[in-house]
Amino acid sequence: MTESSAAAGTAASGDGAEPGDTAEPGTVRPGGRTARVRAAVLEAAGDMLAEQGFHGLDLAEVARRAEVGKTTVYRRWGTVAGLVADLLTDMAEQSLPRTETGSLEEDLLANAGLVRRTLSDPRQGPLFKAVIAAATGDARTAEALHRFYEVRVAEWAPCVRQAVERGEVPQGTDAAEVVRAVSAPLYYRLLTTDAPLDEAAARRAATAAAAAARAGVFVRTA
């Protein structure tokens, strides 16, 4: 799923690398100044992705916007792909938890609403478009994007497994496929049309996924 608050943070000041900053590119250490620097850099990177797309992302400009030293950014993230990978990791970590209502359809409606709000957000929508476009031509970005969705699908899959236990959907239903079926129409709408991502679209996606699950469409065949 794509719902995320994505790298909100306070800009850190400084013109040079932090003392002892030897983290591998694309990785960070938690806590203190390091956490503040990471939040500022990821926020700046997300803003630039939303504004200019993947090819407009420049590490030096990210450092300037985040008010941190260029050396820090180059040493810690190494490449644009490394920075985007960490941004996606942070987005997955910051994403909202699942809703459990006791009804599969209501749970899926909550999921669809969250996805819709993310993709229709003025910042998050363009950001996801940029990352998805980049993933088609950059293996590291693609891997990071796949991990992001694995985390979000895993967060919501228990709603489907609970529905199986309640007898709402058949045994053997593939929980991950049900969750993916909710967001797929919303992404298709985002990427292939200029139609708004409204509440009606989210409701259709969730209702259709729930109906298909009840009908056994997502039961594993092997």
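Which residues in α8 meet which residues in α9? Let's work that one out and then try a few more.

A quick note before we start: this is a predicted model, where local features need pLDDT of at least 70, side-chain atom pairs count only at pLDDT 80 or more, and totals for chains, interfaces and linings use all residues. Residues are numbered from 1 along each chain as its sequence is written, and side-chain values use heavy atoms, with hydrogens and water left out.

**Exercise 1. Describe how α8 and α9 pack, and list who touches whom.**

Step 1: Find the helices. Helix α8 covers residues 175-192 and helix α9 covers residues 199-214. Helices here are DSSP runs (H or I, at least four residues; strands are E, at least two), numbered from the N terminus.

Step 2: Look at the geometry. The two pack at an angle of about 150 degrees, with their axes 9 Å apart. Axes are lines fitted to C-alpha atoms, for helices over the stretch in contact, and angles run from 0 to 180 degrees between N-to-C directions.

Step 3: List the contacts (heavy atoms within 4.5 Å). From α8 you get V178, A181, V182, P185, L186 and R189; they meet A201, A202, R204, A205, A206, A209 and A213 in α9.

Step 4: Sort them by class. This contact has 11 nonpolar, no polar and two charged residues. Here Ala, Val, Leu, Ile, Met, Phe, Trp, Tyr, Cys and Pro count as nonpolar, Asp, Glu, Lys and Arg as charged, and the others, Gly among them, as polar.

**Exercise 2. Do the same for α1 and α2, and name the type of packing.**

Step 1: Helix α1 (residues 32-52) packs against α2 at an angle of about 120 degrees, and their axes are 8 Å apart.

Step 2: That angle makes α1 oblique to α2. The cut-offs are under 35 degrees for roughly parallel, over 145 for roughly antiparallel, 65 to 115 for roughly perpendicular, and oblique for the rest.

Step 3: On the α1 side you'll find A40, V41, A44, A45, D47, M48, E51 and Q52, which meet E61, V62, R65 and A66 in α2. By class, the residues of this contact divide into seven nonpolar, one polar and four charged.

**Exercise 3. Is V160 buried or exposed, and what does V160 touch?**

Step 1: Place V160 in helix α7, residues 139-166.

Step 2: V160 has 0% relative accessibility, so it counts as buried. Buried means under 20% relative accessible area, exposed over 50%, and partly exposed in between (1.4 Å probe, protein chains only).

Step 3: Leaving aside neighbours within four places in sequence, V160 is in contact with L104, V169, T173, A175, V178 and V179.

Step 4: For a distance, take E177: V160 and E177 are 17 residues apart in sequence and 9.7 Å apart in space, C-alpha to C-alpha.

**Exercise 4. Describe two loop residues, E67 and D121.**

Step 1: E67 sits in the loop between α2 (59-66) and α3 (70-77). Its phi is positive, about 60 degrees, although E67 is not a glycine. E67 counts as partly exposed because its relative accessibility is 47%.

Step 2: D121 lies in the loop between α5 (104-119) and α6 (124-135). With 30% relative accessibility, D121 counts as partly exposed.

Step 3: D121 and L197 are 76 residues apart in sequence, yet 9.8 Å apart in space, C-alpha to C-alpha.

**Exercise 5. Sum up the whole chain.**

Step 1: The protein chain has nine helices and zero strands.

Step 2: Of its 222 residues, 49% are buried.
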